[in-house]
Amino acid sequence: MLYGTMKVAIGGPLKVAFRPWVDGLENIPAEGPAILASNHLSFSDSFFLPAVLDRKVTFIAKAEYFTTPGVKGRLTAAFFKGVGQLPVDRSGARGAGEAAVKSGIEVLERGELFGIYPEGTRSPDGRLYRGKPGGLARVALATGAPVVPVAMIDTEKIQPPGKVMPKLMRPGIRIGEPLDFSRYQGMEHDRFVLRALTDEVMYEIMKLSGQEYVDIYATAAKRQIADAAKAEREAEKAARAALAQAAKEQAAADQAAKDQAAKDQAEKEKTES
């Protein structure tokens with residue numbers, strides 16, 4: 001009931017304001033469980049995709065969105081529950097993975113759609129990163145549900161990091177044909193199978209999105225970017241300090257030269273007198 005209300009309240013205005021285009025909507029099963037595996041470019045991905053679907057789709061979200069105290073926290077929690085998101089405690093990597101798998105299985109066992117971002121986090125630069133094999137592959141093999149690859153297009157351009165007001169433009173959504181992984185049934189503990197399944201899905205997402213693929217995890221890329229930014233800040237700080245020291249030494253040298261010139265002039269005047 002709440003999901004339907006929130007979809008009308010949020011999804012309707014989103015579709016009117018941004019007019020997202022959709023290709024492959026017929027690939028979403030009309031009924032029964034399915035996993036929607038999507039690239040992740042923007043916070044808004046979890047709103048644009050449900051907005052264009054007739055069926056409810058459930059994503060997972062970090063638990064902090066549901067546990068923040070105060071009126072604002074309660075409103076935030078109600079909002080995320082209303083748009084079909086489930087809380088997952090991500091304080092521990094293993095615990096977070098287990099919680100995501102459990103949540104996904106429960107959603108699919110109810111015959112619903114489960115949305116997941118195999119990259120594990122938003123892309124830091126618009127490229128497609130290596131999928132994490134734990135959540136997606138384990139849920140798919142545990143339930144036998146088909147995996148539908150999804151590509152969000154240009155959603156990162158609507159509200160780039162640091163921008164408060166969104167840019168009115170048309171994002172796109174490409175939905176691929178469902179992938180059947182029944183050939184791997186019973187092999188959910190084989191890490192090579194988990195990797196192969198995940199890579200196959202990421203390849204389909206890459207074909208749909210047209211993104212450049214980077215064979216590292218997005219979390220590692222974010223660390224590299226953060227480290228590079230930190231190194232750049234430290235280099236700039238060191239450069240400013242060096243310039244300040246050079247200016248100080250030049251000023252001291254100029255003053256010494258001035259003092260020496262004054263001393264020489266005084267001695268000259270004394271000699272002449």
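Which residue in β5 is the bridge partner of Ala-37? In β5, that partner is Ile-116. Let us see where this pair sits.

This is a predicted model, in which local features need pLDDT of at least 70 and side-chain atom pairs count only at pLDDT 80 or more, while totals for chains, interfaces and linings use all residues. Residues are numbered from 1 along each chain as its sequence is written, and side-chain values use heavy atoms, with hydrogens and water left out.

**The whole protein**

The protein has nine helices and nine strands. These elements are DSSP runs numbered from the N terminus: helices are H or I with at least four residues, and strands are E with at least two. Of the 273 residues, 38% are buried. Here, buried means under 20% relative accessible area, exposed means over 50%, and partly exposed lies in between (1.4 Å probe, protein chains only). Among the contacts with a separation of 6 or more, 78% join residues 24 or more positions apart; a contact means heavy atoms within 4.5 Å.

**Strands β2, β5 and β7**

Strand β2 covers residues 34-38 and pairs with β5 in the parallel sense over four bridges. Two strands pair if DSSP finds at least two bridges between them. β2 also pairs with strand β7 (residues 147-153), again in the parallel sense and over four bridges. Here are some residues of β2 with the residues across from them:

| Residue in β2 | Residue across | Strand across |
|---|---|---|
| Ala-37 | Ile-116 | β5 |
| Leu-36 | Gly-115 | β5 |
| Leu-36 | Val-148 | β7 |

In a regular strand the side chains alternate between the two faces of the sheet. In β2, Ala-34, Leu-36 and Ser-38 point one way and Ile-35 and Ala-37 the other way, and all are buried. Strand β5 (residues 113-116) is covered on both faces, with Leu-113 and Gly-115 buried on one side and Phe-114 and Ile-116 buried on the other.

**Helix α2**

Helix α2 spans residues 45-52, and eight of its eight residues are buried. Among them are Phe-47, Phe-48 and Leu-49.

**Helices α6 and α8**

How do α6 and α8 pack, and how far apart are their axes? Helix α6 (residues 133-143) meets helix α8 (residues 191-209) at an angle of about 100°, with the axes 9 Å apart. That makes α6 roughly perpendicular to α8. Axes are lines fitted to C-alpha atoms, for helices over the stretch in contact, and angles run from 0 to 180 degrees between N-to-C directions. Angles under 35 degrees count as roughly parallel, over 145 as roughly antiparallel, 65 to 115 as roughly perpendicular and the rest as oblique.

From α6, the residues making this contact include Pro-133, Leu-136 and Arg-138, and from α8 they include Val-193, Arg-195 and Thr-198. The contact residues divide into nine nonpolar, one polar and two charged. For this count, Ala, Val, Leu, Ile, Met, Phe, Trp, Tyr, Cys and Pro are nonpolar, Asp, Glu, Lys and Arg are charged, and the others, Gly among them, are polar.

Gly-135, Val-139 and Ala-140 are among the buried residues of α6. Gly-134 is also found in α6, but Gly-134 is partly exposed, with a relative accessible area of 29%. After α6 comes Gly-144, whose phi is positive, near 75°.
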